[in-house]
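Subject: Structure for your review

Dear colleague,

Please find below the sequence and structure that I am handing over to you. My findings on the strands follow directly after them.

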Amino acid sequence: QVQLAESGGGLVQAGGSLRLSCAASGLTFDRSAMGWFRQAPGKAREFVGAINRSGSSTAYADSVKGRFTISRDNARNTVYLQMNSLKPEDTAVYYCAGRSGALPYTGAHSYDYWGQGTQVTVSS
C-alpha cells in the first residue's frame, strides 16, 4: 500500500544539476525518515543521503557531500534530492526509500519501503 514514486531523473552534462523528487503515499510521512540510494549497473546499491522526519538532521555519503542536498516538504509528502556539480560517476538509478522510524540511517537494510528508481545519466 505504501508507494514511493521518484521523478526528475534524466540526462545531464558533467557539472550540471538535477533535482529528484520522491512523492510518498500510504505512509505517515512526517513520522518517517527518508533516504536516497543509488545503484549503477554491476555495482551494489549505495547510500547517498538521508533526512530525519522533521528535516532537522541529514546524512550524506562522502562522495556527494557538498554537492547534493536532501530536503523534504512534509505538507506535500515529498522528499527531494538536489544534485549539483554532477560527475559521470554519479550515473546510476536513484532510489527513494522510507523507514518506519525517525532517524536518518545510512544502511539500506534500515529502510522498509522503496521506490522503483529514476535514471540519472551524467555525460562527460
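I begin with a turn. Strands β7 and β8 form a hairpin with 4 residues between the strands, and in this hairpin Asn77 takes a positive phi near 50°. Please keep in mind that this is a predicted model.

The two arms of the hairpin are also paired with each other. Strand β7, residues 68-73, and β8 pair in the antiparallel sense over 6 bridges. To locate this pairing in the viewer, you may look for Phe68, whose bridge partner in β8 is Met83.

Strand β8 has a second partner as well. Strand β3, which spans residues 18-25, pairs with β8 over 6 bridges, again in the antiparallel sense. Here Ala23 has Thr78 of β8 as its bridge partner. As for its surroundings, β8 covers residues 78-83 and is mostly covered, with 5 of its 6 residues buried.

Strand β3 in turn is joined to β1 by 5 bridges, and these two strands run antiparallel. Gln3 and Ser25 are bridge partners in this pairing, with Ser25 lying in β3.

Taken together, these pairings give an open sheet of 4 strands in the order β1-β3-β8-β7, with antiparallel pairing. Why do β1 and β7 each have one side without a neighbour in the sheet? Both stand at the edges and each has a single partner strand, so one side of each is left without a neighbour. From one strand to the next, the twist averages 15°.

A further set of pairings centres on strand β11, residues 118-123. Which of its side chains are buried, and which are not? The side chains alternate along the strand: Thr118, Val120 and Val122 point to one face and are buried. Gln119, Thr121 and Ser123 point to the other face and are not buried. For this purpose, buried means under 20% relative accessible area.

Strand β11 pairs with strand β2, residues 10-13, in the parallel sense over 4 bridges. In contrast, strand β9, residues 92-98, is joined to β11 by 3 bridges, and β9 and β11 run antiparallel. Val120 is a useful residue to select when you examine both pairings. It is the bridge partner in β11 of Gly10, and Ala92 stands opposite Val120 too.

I would suggest that you follow the strands in the order given above while reading.

With kind regards

Notes:
Residues are numbered from 1 along each chain as its sequence is written. This is a predicted model: local features need pLDDT of at least 70, side-chain atom pairs count only at pLDDT 80 or more; totals for chains, interfaces and linings use all residues. Side-chain values use heavy atoms; hydrogens and water are left out. Buried means under 20% relative accessible area, exposed over 50%, partly exposed in between (1.4 Å probe, protein chains only). Two strands pair if DSSP finds at least two bridges between them. Axes are lines fitted to C-alpha atoms, for helices over the stretch in contact, and angles run from 0 to 180 degrees between N-to-C directions.
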